[in-house]
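Hi everyone, thanks for making time for this. I'd like to walk you through the sheet and then a pair of helices, so let's bring the structure up.

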Amino acid sequence: MVRRFLPGLIVVLLSGCSSVSYYSQLAGGQWQLLRAREPVAEVIADPSRPQLLRDHLAQSQKARTFASEHLHLPDNQSYRLYADIGRPYVVWNVFATQEFSLAPQTHCFPIAGCVAYRGYYRQGAARGEAALLHQQGLDVSIGGVEAYSTLGWFNDPIMNSMMNWGDERLATLIFHELAHQRFYVKDDTEFNESFANFVEQEGTRQWRATQGLAPLGNSTRQQRDQFTQLILDTRKRLEKLYAQPLSADAMRQAKAAEFEGLRREYRQLRDNQWGGDKRYDAWMNLPLNNARLLPFGLYDQWVPAFAALFRQEGGDWLKFYAAVETMGKLPVAQRKAALRQLEEVDL
C-alpha cells in the first residue's frame, strides 16, 4: 500500500537535534533531486526521449493546468518539471514502535513538524537503521515512497518513480500534493492528509467530468475501505491487548494470534466478497508487526468532514479553502471537535 509522506527535507540546516550523518544524507538526496530537474516541456519536445514518457508527461500537464485553473491550487513550477532519479523510489521511510505499543517513534522538524518515520534516500541506509532499531527490540517497517511534497519550499518534480502510474493516478497525485502546498497544519497528520485526500478525490471527480469520462466505480474504493477497516479493527484489538497486565510471553502469544486472525479475516473477505481478487496478498503475506500498521487511518479519518464542509460552502473551492484555513488555526481540541461536528452533519 503506497502512500506519500513529507520527509522534512526542507529543514536540513535548521535543526541540530539529530545526527550530522542523517541530515547530510537528506541534504545530499534533496540536492540530487534538484539537480536532476528539467522542464517537462523540453522533455516532451525532445524526439530522443521515449514516446511513452513524452505522451504520459503531456497528459500530466493537462491535469496540472486544471489543478490551478479549476481547483485553485498553487500556480507554480511544481509538477511542470521532470526528474529521472534512476531508482524505483525517491525515499525509503523507516517506522518503529515498541513491541507492545502502537505509538510510533516520532521525529520532529522545525517547519514540517513531527512525523512518525525517518526518511532515507538509499535503501541500504534505511535497512541499516531498521536493523539497529530491531536489535533494540522494536517493531520496525520500511516503506518505499514514490513521491513526496516539500510544501512549496522547492518546485517538486514529476519523477521517473511515478511513470509506471496511469495518467489518472498521476493526475490525482498532482492534486493531492498541491493541496499540501495550499494549506498545511504543523503536527496534525490526520488533518493534513484527510484534507489533501478530499481535494484529490473531489478534484479527480471534476477532472473526469471535464474529460467526458464516466464516474469511477465503487468496487475498487470499497475494497480499499474494507481492507483499511480490517487493519483499523486489528489496531483497536491490539490496543486493548497491550493495556492488559500480561507477562511478556503471554502478550507475545496473544499478539501473534491477533495478526494470524487478521490474515484469516482477510482471506475470508477476499474469497467471499471480492471474488478472489488478490491485490492485497503481497502486503498481507509479508511479516506483520505494529510498525506496519502505522500508516493506516492517517489518510481518510476526516475526509467525510471535509466533504461536508465543501458542500456547506456551496462547492466553491476558494470559500472551502478559507474555511479550512480558519479551522486549521484553531487549537487541536477545537479543531477536532469542529471536524466531528461536520461528520455528524454528513451522516
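Let's begin with β2, residues 81–83, which pairs with β8 in the parallel sense over two bridges. If you want a spot to fix your eye on, alanine 83 stands opposite methionine 159 in β8. And what packs on the sheet here? That's helix α1, residues 20–36, which touches β1, β2 and β8. The direction of α1 makes about 25° with that of β1.

Zooming out a little, this predicted model has the three strands in an open sheet, in the order β1-β2-β8, with mixed pairing. The edges belong to β1 (37–39) and β8 (158–159); each has a single partner strand, so one side of each is left without a neighbour in the sheet.

Now over to the helix pair. Helix α5 covers residues 167–182 and helix α6 covers residues 189–210. They pack at an angle of about 135°, and their axes are 8 Å apart. The two helices are therefore oblique to each other, and α5 passes α6 in a right-handed crossing.

Which residues meet there? From α5 we have, among them, Phe175, His176 and His180, and on the α6 side the list includes Phe195, Val199, Trp207 and Arg208. Taken by class, the residues of the contact of α5 with α6 divide into seven nonpolar, seven polar and four charged. Glu168 in α5 takes part too, as do Glu193 and Glu200 in α6.

That's my tour, and I'm happy to go back to any view you'd like!

Conventions: Residues are numbered from 1 along each chain as its sequence is written. This is a predicted model: local features need pLDDT of at least 70, side-chain atom pairs count only at pLDDT 80 or more; totals for chains, interfaces and linings use all residues. Side-chain values use heavy atoms; hydrogens and water are left out. Two strands pair if DSSP finds at least two bridges between them. Helices (H or I, at least four residues) and strands (E, at least two) are DSSP runs, numbered from the N terminus. Contact means heavy atoms within 4.5 Å. Axes are lines fitted to C-alpha atoms, for helices over the stretch in contact, and angles run from 0 to 180 degrees between N-to-C directions. Angles under 35 degrees count as roughly parallel, over 145 as roughly antiparallel, 65 to 115 as roughly perpendicular and the rest as oblique. A crossing is left-handed if the near helix is turned anticlockwise from the far one by less than a right angle, and right-handed if clockwise. Ala, Val, Leu, Ile, Met, Phe, Trp, Tyr, Cys and Pro count as nonpolar, Asp, Glu, Lys and Arg as charged, and the others, Gly among them, as polar.
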